[in-house]
Amino acid sequence: MNLLECDQEPRVLEAVRSGRGASEWEEPLRVHVAACRICSDVVLVAQFLLQENECADAEAALPDAGLVWWKAQLLERRAAAERAVRPIAVTEKLAGAGIVALLLTGIILNWSRVLNWSYVQGGIRWLAGFLPAGSYPTATRVLADGHVIVLNGRGTMSVIDPLTDETLDAYTKTARSLSPYRDDSKPEKLPPIEHVLYIVRENRGYDDESAAPNHSKLAREFVLFDNFFVNADASAEGHNWATAGIATDYTQKLWPNSYAKRRDHYDYEGGEPANTPPAGYLWGNALSAGLSVRNYGYFVDNRAKVGSDGVQIDGVRDPALRSVTNTHYRGFDLDYPDVERARVFLEDLRQFESSGTMPRLMIMRLGNDHTDGTAPGKFADNDYALGLIVEGISKSRFWPATAIFVVEAAAPNGPDHVDSNRSPMLALSPYTRRGIVDSTMYNQSSVLRTIELILGMRPLTHFDAGARPLTAAFASAPNTAAYTAEQPRIRSDSLRQ
């Protein structure tokens, strides 16, 4: 199998393997490398791979995830297909739930994973193809008869027949088809929106919208997304997916123990350095891009007793958020009304109106829909709070250039008639198309990517980089009509009998 297209690449590889610096190479070779894009790429990656392989044994290993895009380009050149595609290659070091796709089994909403298959040529390990696997692969073995066994973190095992060039090509095409990212794709064009409020709720399913007149009204008046799915099974994963574009290895392996009560603490939101995502969180992305940020409830430690100053929190777990956090906005606490949280935000909004400036990115936890199906009154409180927030912004001077995105962290409240991960989502803006149904398949990474594109930020991971933005939900001309919140239909202290 030969992936080399330039006839000078063997000479270049030999020069790299010799350990001599480029200044010591023969002049014709230096000139060629300077002029040849293929060979200049080979030099950069070959030097890295040689270091990577110094301690490698004869068994092929997965390469560093950061090199996958380059290796995929080599595969593309061999296939003489389209320009380079950036498929997802998984390492044990950087594995997590993936982009929503149909697996080979046809089960909807398993997170597709792609394993790479490599071979060694001249001391350098080359990418030969990709294998689709189940959700979150954790171990791979090649049996004596050539079968490939993949253990998946969600409790399944994939058994792959012995590989041939033909079957590997077919697997690679399937794997690439599961990643919508294209290296030469241009960013989607979105309306001229300057401010984003990103609200993350807790765990409602799509069908579970009783006691929620504002959610229903907002979906009717703006866009009804009937094919939106959360990336996670539980909030520990979901808040990471919603704010970082990935659930890290730490979260993936430990949250089941926490939810099974075998682990007595919850440290998946800023409580454990080992859980830090590879590129940080959405707010860090915004701050590094020079954008103003305001935080309502993320990564905060609540005060047990609130004093006369009205400060609700004792500390903020992420240093990047400390100076931009509203300390009067209480973090996750189901005994504290969301309507009170809404009032704190609306007071901030009044100050923004007075100053004439509002942060470019505002991120908010609004979690009293976390009811386990027993307290519709709390869901009504959450619904009314959301209605008040949307009404306030829609009647402000900032509404013509604002978008509000509302997602659930997860949907463990129970499956609906389609899938256990299908969930409500709202996109609210003057530029949102009114009164339509958008049946495009989206997930949390889609919302994250849309926010990044609107505010001019880079993607955080390959998951949001490859996610489908909500472009179909936006119109070119704005409709600045304000929203009027619906009053609660039931009392906030109501319990389901």
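**Exercise 1. Helices lying across a sheet**

Helix α11 lies across β8, β14, β15 and β16 in this predicted model, running at about 180° to β8. Describe the sheet to which these strands belong, and state in which order its strands occur.

*Solution.*
Step 1. The sheet is open and consists of five strands, ordered β11-β14-β8-β15-β16, with mixed pairing.
Step 2. The edges are formed by β11 (293-296) and β16 (426-428), each of which pairs on one side only.
Step 3. From one strand to the next, the twist averages 10°.
Step 4. Within the sheet, strand β8 (residues 195-201) pairs with strand β15 (residues 402-408) in the parallel sense over seven bridges. Here Val196 stands opposite Ala403 in β15.
Step 5. Helix α7 (residues 235-244) also lies across strands of this sheet, namely β8 and β14 (361-365), and runs at about 170° to β8.

**Exercise 2. Classifying a helix crossing**

Determine whether α6 is parallel or oblique to α11, and identify which residues make the contact.

*Solution.*
Step 1. The axes of helix α6 (residues 213-221) and helix α11 (residues 376-394) come within 7 Å and cross at roughly 45°.
Step 2. Angles under 35 degrees count as roughly parallel. The crossing at roughly 45° therefore makes α6 oblique to α11.
Step 3. On the side of α6, the contact is made by Pro213, Asn214, His215 and Leu218. On the side of α11, Phe379, Asn382, Asp383, Tyr384, Leu386, Gly387 and Val390 take part.
Step 4. Sorted by class, the contact of α6 with α11 has six nonpolar residues, four polar ones and one charged one.

**Exercise 3. A second pair of helices**

Carry out the corresponding analysis for α7 and α12: at what angle do their axes cross, and which residues meet?

*Solution.*
Step 1. The axes come within 8 Å and cross at roughly 30°.
Step 2. Helices α7 and α12 are therefore roughly parallel to each other.
Step 3. In α7, Gly238, Trp241, Ala242 and Ala244 meet Gln444, Ser445 and Leu448 of α12.
Step 4. The contact of α7 with α12 has four nonpolar, three polar and no charged residues.

**Exercise 4. The surroundings of α7 and α12**

Establish how many residues of α7 and of α12 are buried, and examine the span of α12.

*Solution.*
Step 1. In α7, ten of the ten residues are buried, so the helix is largely enclosed by the rest of the structure. Among them are Glu237, His239 and Trp241.
Step 2. The cover over the buried residues of α7 includes β8, α8 (249-259), α9 (282-288), β14, α12 and α13 (462-465).
Step 3. After α7 comes Gly245, whose phi is positive, near 75°.
Step 4. In α12, twelve of the twelve residues are buried, so this helix too is largely enclosed by the rest of the structure. Its buried residues include Arg449, Glu452 and Ile454.
Step 5. At 1.5 Å a residue, the twelve residues of helix α12 (residues 444-455) should span 16 Å. The end C-alpha atoms of α12 are 17 Å apart, which agrees.

**Exercise 5. A residue in a loop**

Locate Glu194 and state which residues are in contact with Glu194, leaving aside its neighbours within four places in sequence.

*Solution.*
Step 1. Glu194 is found in the loop between α5 (165-177) and β8.
Step 2. The relative accessible area of Glu194 is 44%, so this residue is partly exposed.
Step 3. With neighbours within four places in sequence left aside, Glu194 is in contact with Arg360, Ala401 and Leu455.
Step 4. Glu194 and Ile454 are 260 residues apart in sequence, whereas in space they are 7.5 Å apart, C-alpha to C-alpha.

Terms used: Residues are numbered from 1 along each chain as its sequence is written. This is a predicted model: local features need pLDDT of at least 70, side-chain atom pairs count only at pLDDT 80 or more; totals for chains, interfaces and linings use all residues. Side-chain values use heavy atoms; hydrogens and water are left out. Axes are lines fitted to C-alpha atoms, for helices over the stretch in contact, and angles run from 0 to 180 degrees between N-to-C directions. Helices (H or I, at least four residues) and strands (E, at least two) are DSSP runs, numbered from the N terminus. Angles under 35 degrees count as roughly parallel, over 145 as roughly antiparallel, 65 to 115 as roughly perpendicular and the rest as oblique. Contact means heavy atoms within 4.5 Å. Ala, Val, Leu, Ile, Met, Phe, Trp, Tyr, Cys and Pro count as nonpolar, Asp, Glu, Lys and Arg as charged, and the others, Gly among them, as polar. Two strands pair if DSSP finds at least two bridges between them. The expected span of a helix is 1.5 Å times one less than its number of residues. Buried means under 20% relative accessible area, exposed over 50%, partly exposed in between (1.4 Å probe, protein chains only).
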